[in-house]
Every structure is written in structure tokens, then in C-alpha cells.
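Reader: I've got a model open and some labels I'd like to see justified. Can you take me through them?

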Amino acid sequence: MYDPQLHKAISTILQKKKIDIGNADNMFYTRFVANATAIKFLYYELYKQHPEADKLFNLLIETMAKAYIQRPAALKQRDEEKEKKGNWFLSNEITGMSLYVDRFCGNLKNLTEKLDYFKKLGVNFLHLMPVMESPAGESDGGYAVSDFRKVDERFGAMKDLKTVQEKMSAANMYLMLDIVLNHTSHKHEWAQKAKQGEKKYQDYFYMYDDRNIPDQFDKAMPDIFPETAPGNFTYVEKCNKWVMTVFHNYQWDLNYANPLVFIEMLDTIFFYANLGVDILRIDAPAFIWKQLGTTCQNLPQAHTILRLIKQAVQVATPGMALLGEAIVAPKEIMKYFGTGLYAAKECDFAYNATHMALQWDALATGDTRVMLAAQHEILQKPFGTSWITYTRCHDDIGLGYDDYMIQYAGYNAYEHRKFLKEYYSGVHELSPAKGALFSVNPKTQDARISGSLASLCGLEKAIDNNDAVAIDSSIKKILLMQAHSFFIGGVPMLFYGDEIGYTNDYSYLNDAGKSYDNRWMHRPVIDWSKNAKADEAGTIEQKVFSGTQQLISIRKKLEVASDYKNLTWLQPHNIHVVGYLRTHNESKLYCIYNFTGEPAFLTWFAFKQHGRITERLYDHWKNEYHQVGFDHEYFVLEPYRFYLLEPV
Ligand code: GLC
């Protein structure tokens, strides 16, 4: 509802800041007024009890105005171009890669020389793993940030990051950086001041004089890293207090019940927006609100904070989309897109972590029923939002889907998960995979899985055994997994090294700052002489690279692969085979996958259950035609093969 007083207050603040609300800045002003009521509502939902709520609300408005004033003209123009495109990030033309700058190419300067490599592969969107200052040895891969506005010297300097952004923008590429919202490093200035006893900064964190409240919190909060960082609090000798540290003991949780924390972090978000970030990855948003007696995950207030961020960004730096990295149960993930009045007004993106894990499930079991049992949740995603789809990333694979989905497929959930863990850690006698269990919880035996795409698909063992047939089969599996995630809807995000088939790297075991965390086994250091083999016909590197390249290029050609909420699952006829139909205007694309090492049979009837179909199907993957048969005949799928079939 329109609030005239709020309108007036905003106009006054903006005019004081010399913002030309009547002319040049009118669009900004309009956006501000249009979103003002929502911003005020969301803010007061969180902070109405706070003694300085009103004063700080004005600071919030000023922070937004400042962000707009500081936004470079080139980015304002980019905002307009994106707006003209409409939902720019739903496009089939975007393909991403996530990488550690140092492990990929040394530093940011070198990265500018690698843009041709991405172009050749077809990647036009980069997620640079955290590049801001983070203490060596206590860095969690950069997710323990000691200065949100200073590029870590290991990577270069802020001007190098700026150059990367400019060159990428000139090459029509998109950039993603992280905002580590939930915590800071204990070396961050705020944490240092808190350690020295400054009350103002102690209030930025959850700090307690004794174990009384921490013990109460711990009762309901699960352990995130039970092996390496059990419990959720750390004793700080310097100030004789306990501080909340949900992740590692060197990552201090920020207290968002304090509006100053929110505004400071929003200001940092704008700082990243004004660096030219196209998609901001909000790290671990599920954790940002804490409440005694709860798990302190996915709380309603966490969503309110994200909605407030979304509204503020929409006003001041509208070209930047938001990705919420919520790796939680399927039902909970969906809420990060916004619900009710806020549907499609929270995070623009979430990771399709459920589907990622389900692909690994199907690959191990050769059975696609669990995957299908989960889709009714995943399909609830509101129009206008999208997924980051992936097979591997820098993190572990959590088997986070629900037990009922497993039971629906006829399995015992505990035994099924046990099998998957044994399969991918390579202890199961029939398993070709090589990986490891990550964060085993001694109390529940819960565990996640580490390992590279290639090693989990069997390539490492196959190479060790010099087994040409197994090598071939693992390459097929790699491409099957990639294809499935590339066409499921959303922006595919490759993990660097996977385009070449890098197997696990065990050198992390010799580094004290990493050896406690086996996720490093799948974070390779790129050997560019190995990558050069992508040009040598017949090598493993070439087969994986050219297959990945081809998938990207097919997807770029087919608008039907855009994420317009245009996916329908084919009805199941054979548990080893799964398929979905993508449609857009008159176009159709049947994406069919055989998750077993045997030929599989699919009745032609499956293709006809979604309307009339032409007599021939063209497979974009192998450039071949298939004649559609009678209902009692079968389409025969080769082992671990997928088909991207367009009726012609
Ligand atoms: C996210 C990151 C992960 C990190 C954690 C704590 O989940 O992806 O790597 O350990 O947040 O920041």
C-alpha cells in the first residue's frame, strides 16, 4: 500500500543527496517509491523492537542512495540492457564455470589471458571462488573473510579484479562473486575489536560470558563439520567469552538481529554490485538467523533478510541477480525463491542441489525412481526464477533428499544411503568410483561425499587399471551426468577441471591448512600441459572436453532449453531410463537418459503421451535420425547414453 509519509521521507533524503529525481534519476526514484512499502515492512518485521530502529531505517535508505550514486555509468547502462532483455538470466545462452583463481591459473592477471579458453569451451559466465582477503591456513577455501573489500594478495589486487570484470564484460561474459553473509573470519576487524572488548563489535556476533546459552543452542543445532569442528561455539580467551561458530572455529557468525550488521553487509553487497557482479552468490543463507530452541537453519527471518536484500538491490543496482546457496532439504530450498506475495521476489537463483544428488543416486543404482519421486517438489519453482544446475562443485555431495522419496522407490532409506556412501567412497566391491566420505557424524553415521566428477564416474580406477573399456564407460558417464544437468532447466555451472576429466588430487594431505578437509581432493590445481591435450585427438582430455563443448553449443542453439518453466517429465516405463520434455512455442526437445551400463528399451508410446509427434526425431548429440516406431515397438538406448531428440 502507498505510504505518503514514507514517499516524502525518501524524496527528502534523495534530494539532499543531489539525486535528480525528476529527470536523469527518475527511474531509480520510481523504483524506490514502488518498493518502499515492502522495504519498510520487511525491515520492521525484523527490527521493530530495536531501540534505534527508526534512525537506522534512515541509514538504510541512505545506504541505498549511496549505492546508486556510486554505481558506474557503464553498469547503469548494463542494467538497462538487461532490463530490456527481460529475464536475462533464464537464457539458454549462459553457461558457467566455477573456479579457484589461484588453482586455475595463479592469479587474477593470468585469468584475463584465459578468456579465450572459456570462449573455446563455450563458457560465458564465471564464478570466481572467494577472492577477498582470508587468512592462509584458516580460510575454508576463502569462505572465512577477514576483509570484504580487499582482494587477497594471493590473487592480486582490487584493480586486477576490476580489469577481469571489464575484460569479461567486453567479451559479453557474466561474473559471479560470493558474499559470505553468515560469518567473518576471526581476523576480521569487527572480530578483532570484539576480542579487544569493544561492546559495539561484540554485538555484531553472538558472544556469551559462559556456556549457559551456548549449551541451550547446542541442544537443537546440528553440527555442520562434526569431525573437524564439532559444536557451535568457540571459547575466545582474549575476551573470556564464547562466540558462535557454526562452521569452523575461525568463522564467527554475524548477528543479524542487530540492524547495523544488516546495513553494513548490505553496503558490502552494493560494493560488489558496483564492481560489476552480475550474479551475487549469497553463501550459506540458510544460517543467517538464529533462534534458541531451533536448528537455526531456514528460519522465516532468514527469508525476510533475503527479501529485504532483493528489494534493496532491485532499487539501487537492479542488474545484479541473487543466488541463494541453500543446500538444504528440497522443500526448504524451494522457499528461497520466495513464497506467497514474495514468490519470485527473494533469490533469483538457487542451486538445484536436490537434483544434483539425485543424479548421483541414479548413476550408482541404475534406477531413476528416486529421482522421479522428488520432482513434484522441484517443479514448484516460480516462473522468473532459475536454478544453477551442476554435477559437481567445490563442496561435497550431500544426499539431502527426503527419506520418503527413497521409500517411494521401494528402498529402505537407511540402507539405500549406506549403499550410496559405500559406492562413492569406493568401498563397495562392485563400485568403480573413487571418493571419500566427508563429515561423518559419529552419532548418526550421516555423511556426505567428496570426489571429482571423473573419479566418482570411475575414471581414476579405470586409468589405474589401464582398462580401456572402463575408461570409455566412465567418459560416457561423465557426459551423461553433464548432459542431464545441462538440459534440466537453469544455468549449468561446470566445476573447473571437470571439462578435462581431472581425477582426485591427494596432495592436500601434505598441507596442514587443508589436510583436515577432504573436499580439497576435488579442487584440482590446473596443469595447463594436461589441458592442452584437449587438442590431441583420441586423448581422454580431448574426449571429455569436446563432449562438454558440444553439449554447451547444442544448448546455446536451442531456445527450448531456456528456463521458462517448460519442463515435463515423461511417464516412467523403464526404471533405468528417465526423460523429460522441454517445450517452447512450437519447439520440443525430448531429453532421454539411460542410467545403466546395459542397453535399455523404451516404448515409443512414451514419446506420444504429450501430444502428437512427427515421424522422425533428430538427435542433436550424435547428429542422427530415429524413425518413431509403433507403440508396441521400442526405442533402444545404448549403455550410459543420452539422446537430445527434436521432432522434425
Ligand atoms: C558454503 C560454501 C562452503 C563453506 C561454507 C561456509 O556452504 O560453499 O564451501 O565451507 O559455506 O562458508
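**Cores and ligand**

Author: Sure. Phe118, Leu128, Tyr256, Phe487 and Tyr593 touch the most other members of the largest nonpolar core, which has 212 residues. This is a predicted model, where local features need pLDDT of at least 70, side-chain atom pairs count only at pLDDT 80 or more, and totals for chains, interfaces and linings use all residues. Numbering runs from 1 along each chain as its sequence is written, and side-chain values use heavy atoms, without hydrogens and water.

Reader: What makes a set of residues a nonpolar core?

Author: Its members are buried Ala, Val, Leu, Ile, Met, Phe, Trp, Tyr and Cys residues joined through side-chain atoms within 4.5 Å; buried means under 20% relative accessible area (1.4 Å probe, protein chains only). Another core, of 17 residues, lies apart from the largest one and includes Tyr590 and Phe607.

Reader: Why is the pairing of Glu325 with the ligand called a polar contact?

Author: A polar contact is a pair of N or O atoms within 3.5 Å. A polar side-chain atom of Glu325 is 2.9 Å from a ligand oxygen, so the pair fits that definition. For Arg281 the distance to a ligand oxygen is 3.0 Å, and for His183 an N or O side-chain atom is also 3.0 Å from one.

Reader: How do you know where the ligand lies relative to domain 1 and domain 2?

Author: Both domain 1 (137–144 + 174–179 + 259–561) and domain 2 (183–253) give residues to the shell around the ligand, so the ligand lies between them. The domain bounds come from an automatic or database domain assignment.

Technical notes:
Buried < 20%, exposed > 50% of the residue type's maximum accessible area, 1.4 Å probe, protein only. Polar contact = N/O pair within 3.5 Å; in protein donor to acceptor, adjacent residues only side chain to side chain.
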